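Got your viewer open? Load the model and get ready to click along.

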Amino acid sequence: MAILSNAVCYDAPSTMSLSLAIFLILTTFASYFPQMLAIIEAKSSAGLSFLSLANGLLSGLLILINTGILNWDKIMCCKAVPHQDFTQCLANNLVVEQVAVGPLCSLILYILFLVYFDHTVGEGETRRSKLREYFFCLAAFAFSLVFSVFTAMTAFLLDFGNFITPLYMYY
């Protein structure tokens, strides 16, 4: 890994960039909050597609992994530079923080979906079919998490383990 320079570790964002980043983080959360509130108030997640939630969670986690790898030097500045304060660390990692809000909200939404899953048996359904549907939802959730962790481990090994030669080495 490259030696961390002061330019990477102390590149403070402008006031406009900081304001925009905070605005994006708050509005991303605000876009998920009504659905979370609706599930909690209704005590039911009926009408939500678990495949849509699982796909949203999986894609969000994979984008977060990619963003983490691309911004790894700035993330490591928090640890590598002992006199860097917490606010500077947060300011340096605004991109990662912005991207992390989406998967975090998706994760909360999926957990609420599982907690408030509608177990009532409707006409033409059996208790067994409802239970099968619930376990399928759990399996999709587990797959999203396991696949993301596996992908992250593989990506970090390939990127930081020098198992592959970067493309820029060929030019």
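Here is a short tour, one selection at a time. Keep in mind as you go that this is a predicted model.

**Stop 1: α3 and α6**

Start by selecting residues 50–70, which form helix α3, and residues 94–115, which form helix α6. Their axes come within 9 Å and cross at roughly 155 degrees. Angles over 145 degrees count as roughly antiparallel, so that is the label for α3 and α6. If you turn the view to look through one helix at the other, the crossing is left-handed.

Now show side chains. On the α3 side, the contact includes Phe50, Leu53, Leu57, Leu61 and Leu64. On the α6 side, look for Val95, Val99, Pro103, Tyr110 and Phe113, among others. Color the contact residues by class and you should get 16 nonpolar, 4 polar and no charged.

**Stop 2: α2 joins in**

Keep α6 and add residues 15–42, helix α2. What angle do α2 and α6 pack at? It is about 0 degrees, with the axes 10 Å apart, and that makes α2 roughly parallel to α6.

For the α2 side of this contact, pick out residues including Leu18, Ile25, Phe29, Tyr32 and Ile39. Facing them from α6 are, among others, Leu94, Val101, Cys105, Ile108 and Leu112. Ser106 and Leu109 of α6 are in this contact too, and both also appear in the contact with α3. By class, the contact of α2 with α6 has 15 nonpolar, 5 polar and 1 charged residues.

**Stop 3: the core**

Next, select Phe50, Tyr110, Phe113, Leu114 and Cys137. What do they share? Of the 19 residues in the largest nonpolar core, these touch the most other members. The elements giving two or more residues to this core are α2, α3, α6 and α7, and α6 supplies the largest share, 7 residues.

Zoom in on Leu114. Leaving aside residues up to four places away in sequence, Leu114 touches Tyr134, Cys137, Leu138 and Phe141.

**Stop 4: out along α7**

Finally, select residues 127–160, helix α7, and find Val149 within that helix. Is Val149 buried, partly exposed or exposed? Its relative accessible area is 48%. Exposed means over 50% and buried under 20%, so Val149 counts as partly exposed.

One last click: draw a line from the C-alpha of Val149 to that of Leu61. The two residues are 88 apart in sequence, and your line should read 8.9 Å.

Definitions and conventions:
Residues numbered from 1 in each chain as written. Predicted model: local features only at pLDDT ≥ 70, side-chain atom pairs only at ≥ 80, totals over all residues. Heavy atoms only, no water. Axes fitted to C-alpha atoms, helices over the stretch in contact; angles between N-to-C directions. Helix = DSSP H or I, 4+ residues; strand = E, 2+ residues; numbered from the N terminus. Parallel < 35°, antiparallel > 145°, perpendicular 65-115°, else oblique. Left-handed = near helix turned anticlockwise from the far one by under 90°. Contact = heavy atoms within 4.5 Å. Nonpolar A, V, L, I, M, F, W, Y, C, P; charged D, E, K, R; others polar. Buried < 20%, exposed > 50% of the residue type's maximum accessible area, 1.4 Å probe, protein only. Core = buried A, V, L, I, M, F, W, Y, C linked by side-chain atoms within 4.5 Å.
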